[in-house]
Number of protein chains: 2
Amino acid sequence: MLRRLGLAAATALTLSLPAFAEAVTDFRLANGLEVVVIEDHRAPVVTHMVWYRVGAADEPPGHSGIAHFLEHLMFKGTDELKPGEFSATVEAQGGDDNAFTSWDYTAYFQRVAADRLDLMMKMEADRMRDLQMSEDDVKTERQVVLEERSQRTDSDPDAIFGEQRRAAQYLNHPYGIPIIGWRHEIEQLDREDAFSFYRTYYAPNNAILVVAGDVTPDEVKRLAETHYGALEPTENLPPRLRPQEPPQLAERRLTFTDPRVAQPYVARSYLAPARESGAQEKAAALTILAELLGGSPTTSLLASALQFGEAPKAVWSQAYYDGSALDSGSFSVAVVPVPGVSLQAAEEAMDAVIADFLKTGPDPEDFARIKTQLRAHDIYSRDNVDGLARRYGAALTTGLTVEDVERWPEVLQAVTPEEVVATAREVFDRRRAVTGWLEQEEEESQ
Amino acid sequence: MLRRLGLAAATALTLSLPAFAEAVTDFRLANGLEVVVIEDHRAPVVTHMVWYRVGAADEPPGHSGIAHFLEHLMFKGTDELKPGEFSATVEAQGGDDNAFTSWDYTAYFQRVAADRLDLMMKMEADRMRDLQMSEDDVKTERQVVLEERSQRTDSDPDAIFGEQRRAAQYLNHPYGIPIIGWRHEIEQLDREDAFSFYRTYYAPNNAILVVAGDVTPDEVKRLAETHYGALEPTENLPPRLRPQEPPQLAERRLTFTDPRVAQPYVARSYLAPARESGAQEKAAALTILAELLGGSPTTSLLASALQFGEAPKAVWSQAYYDGSALDSGSFSVAVVPVPGVSLQAAEEAMDAVIADFLKTGPDPEDFARIKTQLRAHDIYSRDNVDGLARRYGAALTTGLTVEDVERWPEVLQAVTPEEVVATAREVFDRRRAVTGWLEQEEEESQ
């Protein structure tokens, strides 16, 4: 069944911005592969993505990092392709490719001239079920990942701070485990870990193909049948039941001190509802809340209160809502104080802004402006096919549907100031929060 | 192979206390069952225990509480015994029985007249492999466990506080999960969860039989062969590899506030080494450290500094070392302030005692006194066969050997003051600590 919807038609656009009505079509092959086609014929290019409904939160306990490790190994060979030949071929065709891993998904993408789609599908389908990896490949790539961890996490106090806060945020859910994996567990990952994960989860009935650009649904369907249609699904695919959080009843705080810290700051995250299929209202309210509190570097409430005026307390502030998750989202606030202002004072100032907001609610002009900005942002973002493809892929691997994605701009526009305040009251519960201080290590006083 | 050691002979006793030389013998049946016999012929009674090398930390993620749930279900029937008949039989013979679950083990015991050992073994061996449980049994017992959780945890702010602190202490290891299980996971436990756990882990090659009292090793061997000898071991018993902790780099704090709190207090736990087979020195130093800091309600350092004198700051204080664990132990300190002293002040006073100790080390008289007390305690405790049986069972299920248990009193006596200070310096690292405040909820000020 082909289903085609005009996206722009579904959203009530009142701005006179150059909107174009890209069409989104979705269907499923007999082996379970879900296919989403986003047509955009302005340029003869295409983005080809395969998203797997598996990520770091699906790893067996004690083996963190497999999902990301496997992402690396996917660039080793198959019966048809030598190690490294995949990316070399994409590059030789003038395209580029990459991959990324999250807690809820792993995705592979190439952007190429539209007439190379056939080749991309051939290669991507090939490595979905026929990956070859030698013990040597595994050993080499494990070193690469360990080096990546050294560079991106262990040598970066901000990253360590974030990792330790995240671990403290979740008492039970594997969202507390870093995507790249704990070092001592990465060191133990072996070929069998990666291969067994691959065999189970890399299968057409656990994948979503997203093709965006200068293509038609019929053409994508024909090519997908040709290349992906014959792949065997995984029988008895395990359901995605990850350990869920118990009630979080005790406020947590954490201090990370490191001599490499250049800029101390305070960061707090609260557990928050994620976007939920058919019920995105709270997520929409939290999206607007984040914009109101910390969305703009100049006009947001945190910035206005802390960064400007006669005696600014902060050089930077932020509010951020992450609602793209299968199980639960988070709402974060952070403040970087000006030199001479303590983290204690910065945190108190941040809390005063939040308390004030809960008391008075949003300023009507701010509220209207943010809605307009969100609408404009949505329209601008449609100009970017890659971004659209990512949007659908991320949604479909975190429990949402094509319809949820299409309805999202409407749901955002329908939020009322009262809903924002009510949701803020619910989410700003310190018992479900972790507040972290990142501090520069001082000389030992002993 | 029967191995017999005189325990008292192995420890250098310098106290003139009425020691008796109980003999410990250990051997293994062909199906893998390990057997420990502790002879004590002073009274015609016997303690019969079966310890399984499985506990709450071995549960599949998302299914917390299975080990304890199964402990309950073990009192349902077998082909030979009706539900409840096990305990009723023990009671009818004038004995008593019970069971307990930890993170590392689950154990069942009966204390009966020595001539009933045969019957105990018959019943315990029967339920090791032949447990029957109906869907109704499972449903009923799940309600019992949920009720137990309500009473012991959810209605007790101290227990919730402890549970939330423990969850914050472990970033990755399942020691952070409560033994009884998270409520939302207990609610989902089903017959298959319990049965599959039972079939895998309740087997002679995953169990230790401890018999203590008026028995001889030959008699125990004969009876064990008769009753346990024919039981099938579990093939491919999974190795006990639980997810281990990453480096803990950021000090954590936690506040639990509840209107039911009668007495606010501060409690801190540090990750600490556990007793390790063949290398119990650090654990011994920590055992003495706990005694020095908080062992005695009158003479310990925390009590002397905080509970006495002109302006006492605390009504109670404690230091406690838990080194009985397969993977990692913990060292805890807690202070209950007198009314009018804040938790902040209580914590500062507690930290001042620790800092002072690290600077000056133990007072030689205190140190000598504690060693004498530990030696006396060891000798007195040998008078309790139940306690001895538990000691061996707990040791053998947490990675120690009979020899480690026998050597422990010597290792304790060999600790030097310098080792205590060095180990304290290593363990008192706030980056690996969780400090919790339990506070009474105040009226909302809004």
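1. A good place to start is a single pair of residues: Val266(A) has Trp437(A) of β12(A) as its bridge partner. This pair belongs to a predicted model, as does everything below. The two strands involved are β9 (residues 265–272) of chain A and β12 (residues 433–440) of chain A, which pair in the antiparallel sense over six bridges.

2. Now step back to the sheet that holds these strands. It is an open sheet of 10 strands with mixed pairing, and its order is β10(A)-β11(A)-β9(A)-β12(A)-β8(A)-β8(B)-β12(B)-β9(B)-β11(B)-β10(B). The edges are taken by β10 (314–322) of chain A and β10 (314–322) of chain B; each has a single partner strand, so one side of each is left without a neighbour in the sheet. On average, and with direction ignored, neighbouring strands are turned by 15° against each other. As general background, strands of a sheet pair through backbone hydrogen bonds, either parallel or antiparallel.

3. A helix also packs on this sheet. Helix α12 (residues 343–360) of chain A touches β9, β10, β11 (329–337) and β12 of chain A, and its direction makes about 125° with that of β11(A).

4. Next, look at where the two chains join within the sheet. Strand β8 (residues 251–258) of chain A and β8(B) run antiparallel and are joined by five bridges. In this pairing, Arg253(A) has Arg253(B) as its bridge partner. Arg253(B) is also worth finding for another reason: of the residues of chain B, Arg253(B) comes closest to the rotation axis, with its C-alpha at 2.4 Å.

5. What turn and shift lay chain B on chain A? A turn of 180° and a shift of 0.0 Å along the axis do so, with an RMSD of 0.0 Å. That is the relation of a two-fold axis. The interface fits this picture: 100% of the interface residues of chain B are also interface residues in chain A, so the copies meet through the same surface.

6. The contact between the chains can be described in a little more detail. Here 27 residues of chain B are in contact with 27 residues of chain A. On the side of chain B that touches chain A, the elements giving two or more residues are α6 (157–169), α7 (183–186) and β8 (251–258) of chain B. Of these, β8(B) gives the most, with six residues. By class, this side of chain B divides into 15 nonpolar, seven polar and five charged residues.

7. Within one chain, the domain assignment of chain A gives domain 1 (3–227) and domain 2 (252–440). Their C-alpha centres lie 27 Å apart. The contact between them takes 38 residues from domain 1 of chain A and 34 residues from domain 2 of chain A.

8. Which elements of domain 1 of chain A supply at least two residues each to the side that touches domain 2 of chain A? They are α1 (7–10), β2 (23–28), β3 (34–39), β4 (45–52), β6 (106–113), α6 (157–169) and β7 (207–213) of chain A. The largest share of this side comes from α6(A), with seven residues. By class, the side of domain 1 of chain A that touches domain 2 of chain A has 24 nonpolar, six polar and eight charged residues.

9. Two helix pairs in chain B are worth a visit, beginning with helix α2 (residues 66–73) and helix α8 (residues 191–201) of chain B. They pack at an angle of about 85°, with their axes 10 Å apart, which makes α2(B) roughly perpendicular to α8(B). Ile66(B), Phe69(B), Leu70(B) and Leu73(B) of α2(B) make the contact with Asp193(B), Ala194(B), Phe197(B) and Tyr198(B) of α8(B). This contact has seven nonpolar, no polar and one charged residues.

10. The other pair is helix α13 (residues 364–381) and helix α15 (residues 402–414) of chain B, which pack at an angle of about 170° with their axes 10 Å apart. That makes α13(B) roughly antiparallel to α15(B). Here Lys371(B), Leu374(B), Arg375(B) and Asp378(B) of α13(B) make the contact with Pro409(B), Leu412(B) and Gln413(B) of α15(B). By class, the contact of α13(B) with α15(B) has three nonpolar, one polar and three charged residues.

Key
Residues are numbered from 1 along each chain as its sequence is written. Chains are lettered from A and ligands numbered from 1 in the order in which they are written. This is a predicted model: local features need pLDDT of at least 70, side-chain atom pairs count only at pLDDT 80 or more; totals for chains, interfaces and linings use all residues. Axes are lines fitted to C-alpha atoms, for helices over the stretch in contact, and angles run from 0 to 180 degrees between N-to-C directions. Helices (H or I, at least four residues) and strands (E, at least two) are DSSP runs, numbered from the N terminus. Angles under 35 degrees count as roughly parallel, over 145 as roughly antiparallel, 65 to 115 as roughly perpendicular and the rest as oblique. Two residues are in contact if their C-beta atoms, placed from the backbone, lie within 7 Å. Ala, Val, Leu, Ile, Met, Phe, Trp, Tyr, Cys and Pro count as nonpolar, Asp, Glu, Lys and Arg as charged, and the others, Gly among them, as polar. Two strands pair if DSSP finds at least two bridges between them. Copies are superposed by least squares on the C-alpha atoms of residues with pLDDT of at least 70 in both. Domain bounds come from an automatic or database domain assignment.
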